[in-house]
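Reader: I would like a close look at a single part of this model, with its pairing and surroundings laid out carefully. Please take one strand and follow it through its neighbours.

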2 protein chains.
Amino acid sequence: MKAYKKLVEKYERIHHLSHMQSIVYWDQQSMMPSGSSDARAKAMAEFGVIIHEASVDKEIALLLNDAMGENLNAIQKASLREMQKTYTSNTILPSDLVKAQSLAHSKCNHTWIEQRANNNWKGFEPRLNEVIKLSKEEARIRSEINGLSAYDSLLDLFEPGMKSQTLDGIFADVKTWLPELIQNIVEKQKSQTFIKPQGIFKIKAQKELGVKVMKHLGFDFNKGRIDISAHPFCGGVPEDVRLTTRYDENDFVQSLMGTIHETGHALYEQNLPQDLLALPVGQARSMGIHESQSLFFEMQMGRSGEFLKSIHPYIIESFGNDEALALDNLVKIYSKVEPSLIRVDADEVTYASHVILRYEIEKALINGQIQTSDIPDMWNDKMQEALGLNTKDNYKNACMQDVHWSEGLFGYFPSYTLGAMYAAQQFNTVKKVHPNINDSIANGDLSQIKSWLKENIWSNASIYSTDELMSKATGESLNPKYFKEHLENRYLFN
Amino acid sequence: MKAYKKLVEKYERIHHLSHMQSIVYWDQQSMMPSGSSDARAKAMAEFGVIIHEASVDKEIALLLNDAMGENLNAIQKASLREMQKTYTSNTILPSDLVKAQSLAHSKCNHTWIEQRANNNWKGFEPRLNEVIKLSKEEARIRSEINGLSAYDSLLDLFEPGMKSQTLDGIFADVKTWLPELIQNIVEKQKSQTFIKPQGIFKIKAQKELGVKVMKHLGFDFNKGRIDISAHPFCGGVPEDVRLTTRYDENDFVQSLMGTIHETGHALYEQNLPQDLLALPVGQARSMGIHESQSLFFEMQMGRSGEFLKSIHPYIIESFGNDEALALDNLVKIYSKVEPSLIRVDADEVTYASHVILRYEIEKALINGQIQTSDIPDMWNDKMQEALGLNTKDNYKNACMQDVHWSEGLFGYFPSYTLGAMYAAQQFNTVKKVHPNINDSIANGDLSQIKSWLKENIWSNASIYSTDELMSKATGESLNPKYFKEHLENRYLFN
């Protein structure tokens, strides 16, 4: 085990360096004054090179080879497999490209924050184009080695093992039933009225409510915190998880559910196996599985009448006992389905349309079928088709709404809908194992849910492949029917 | 200039890495949850090694040698001199020692925060002892090379060119007149009564007041921010200055002046020459000169009746028009002299006693004349002698009050009193150049002061030695008589 032990030391070092990077990234998004962005972009780029160099250290290749012949237990074998995969993925890219990407992402991100506020596509486009150019170059290099298509070679970074051929099939199926389902739900909900809560909901009170709910869900504030950023995310490191959210004084509803969503991500991170944290095998399985945890908490559980009942006293405590804050009214609000422009504000039914639209555009961009300048029109066309909404000249709430592409995250969006499907399948299993789970949730007892997730998802980190993980946890491979059933049960048959 | 240009690139890289380190350090002090300290300590230690390795890069030695023969202008020559000094200083220490120090400082710092709250010297002592052991090892290695005494070899890191022989002389002189001066002032002030402002002074209001005053002083919030930490400091990087302060709801007076103090540091950082920021020559001249800027703002100007008059409207705006907040009452409060235990809360007259006590203890520690376990008793003895105060069993407000030693900052404390002396000498010159300066201050016009400091101190960074800088700015070398005159004029003859 000499070689394997040396590998562990190498990856521990990388883990420490990534810690620095994650905290500084969090700072950039939530704390940094805007005049400092140039200096920060340069610092991050320089540091990106250092992490890259540590990840492509030639000694790792030799050690990986030597460790293959060592007597390893099952977890160590899985660990070695993930090290091998990570190393191969990291060594494909030349350090000049990594540095150029880091700088381009920092600059594009900063421009995105500024120009999104101005609805200025033209001011943003050149920065985004530079990012896309570099991502295409990355995809070209990766596909040369792994034999995947350009887009699939990026998709594989976020959802290992997933192919666009499979996604095309799943999404084609969704497109056969989703539009009609949306129509039927919208029709059904026409007869349901609810009262919109009227602000002002002070940010201080919203923060306090968010913290109470996070504690209820089990977030460990001794190893994490929550702050504000333009685009909410779950950052930091497993030992120090940094959530961000955003508040609107006129509406606490979205922000509260956003906090629950990010807390789902955070619980996964905080409950990864402590002794494996520094190693690739100790990290979250995939972006899709990560999203399944946020959507398990936000969608499967968070928007259910039972869960809302359990946190209802906190809401009353924060904002007073108002007719609009009555439990049944809140349940209606949280299950309202309505085609809209913004993905992060979308309900769980129309959400898949937002993802499929982005998937189609980014796949065409990376595969070279369209140009950066085609994005706004293509967005408008697809949005009209999917949800009947016009986005002409409205960049801010259309193709400039997400941070992902500014960060070079192509191949990431499908994870959201895969996550929704994984989550539905997981929750379906929990209900089978614990038939009275909804009563427990209503009574504020989340112990069964957390035990199940800890045992079946969190503690397994990347020990198994996604398919193995889901099969062990739920008895079968990904099966999108649970997602469809969940939507029908909650929104049509309820 | 080929070699010099390559050196510039090398130091730019180090500047970018230091940027990461400074931001993460700030986070550790002001944002990080306590349960994350172990993971953070490891990450910081790992990163400390990387910065160290970049600073001791052997190619720098070759380039420094080559650059000596190149045709450089005066600034480039000064730059090369500072690179040479920095490089020599950095290469003396083996990387194992640097890593051990980084880890020991992180751990000691964290223990300090915890155990200070518990007044637990015994819980803190082993961590501090480890830091001292490593600092003595550092001093031993440095003095072998530079021929200075153990303590002087550390003092030189903060106040280049300063020797303990000189300090012994200056402090011996201070000890001949300070006790009597304190006694006379305390006697004089017995007949002066003032009304202590009664809280609650809400933290939000204090923050807002602090920000107004920082803006009045010229702090650039586009390239910096202010937050809370246990021990206030001015951190971050010149392009993104991170001030911290602390608030007490029962007393806004100390915190406000603390903010002015840190803003003095910040203005120096924010006004260093932009084109030299990445280079050793572009950094602040010394800790003593740095402190002279904070004390220029806090003591020379900040506590004067004229300055208080200029910010008085802000104070009233924040806390209402109360008898205790009348201008003449505030002037009395801000010039109150009273022997007390806490250095950072001390008035400017008794402050020097706090520094001399620490100087004597740390010099004896590093020179091996006393042990870590001797600190509490020695502190008590010296505190009784200097200010007539007993600190037996009171570690929290005695030898555990400062963060410096936890961070391995031995040789730093003298900078405070040197800074007070430099500041008095600088302000004396400003008064000669602008005889009506006090009227300008009272009218809220700080343009003459800032122009003078920018031209004579800030923009010169480390281009000149401390002695040259002071001589060019004030017409003579450090002359402590201006400090004594200032204290007598403000507190006795006024």
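Author: In this predicted model, strand 1 (residues 224-228) of chain B and strand 3 of chain B pair in the parallel sense, and five bridges connect them. Within that pairing, B:Arg225 has B:Arg242 of strand 3 as its bridge partner. Strand 3 of chain B also pairs with strand 2 (residues 234-237) of chain B, here in the antiparallel sense and over four bridges, and B:Arg242 is again the residue of strand 3 concerned, as the bridge partner of B:Gly235. The link between strand 2 and strand 3 of chain B is a hairpin that passes through two residues.

As for exposure, strand 3 of chain B, which spans residues 240-245, is mostly covered, with six of its six residues buried. Both faces take part in this, since B:Asp240, B:Arg242 and B:Thr244 are buried on one side, and B:Val241, B:Leu243 and B:Thr245 are buried on the other.

Turning to chain A, an open sheet of three strands there has the order 1-3-2 with mixed pairing. Strand 1 (224-228) and strand 2 (234-237) of chain A stand at the edges, each having a single partner strand, so one side of each is left without a neighbour in the sheet. On average, and with direction ignored, neighbouring strands of this sheet are turned by 20 degrees against each other. Strand 1 of chain A runs parallel to strand 3 (residues 240-245) of chain A and is joined to that strand by five bridges, where A:Asp227 has A:Thr244 as its bridge partner in strand 3. Helix 1 (residues 2-30) of chain A packs on the sheet and touches strand 1, strand 2 and strand 3 of chain A, while its direction makes about 20 degrees with that of strand 3.

Note on methods
Residues numbered from 1 in each chain as written. Chains lettered and ligands numbered in written order. Predicted model: local features only at pLDDT ≥ 70, side-chain atom pairs only at ≥ 80, totals over all residues. Heavy atoms only, no water. Buried < 20%, exposed > 50% of the residue type's maximum accessible area, 1.4 Å probe, protein only. Pairing = 2+ DSSP bridges. Axes fitted to C-alpha atoms, helices over the stretch in contact; angles between N-to-C directions. Contact = heavy atoms within 4.5 Å.
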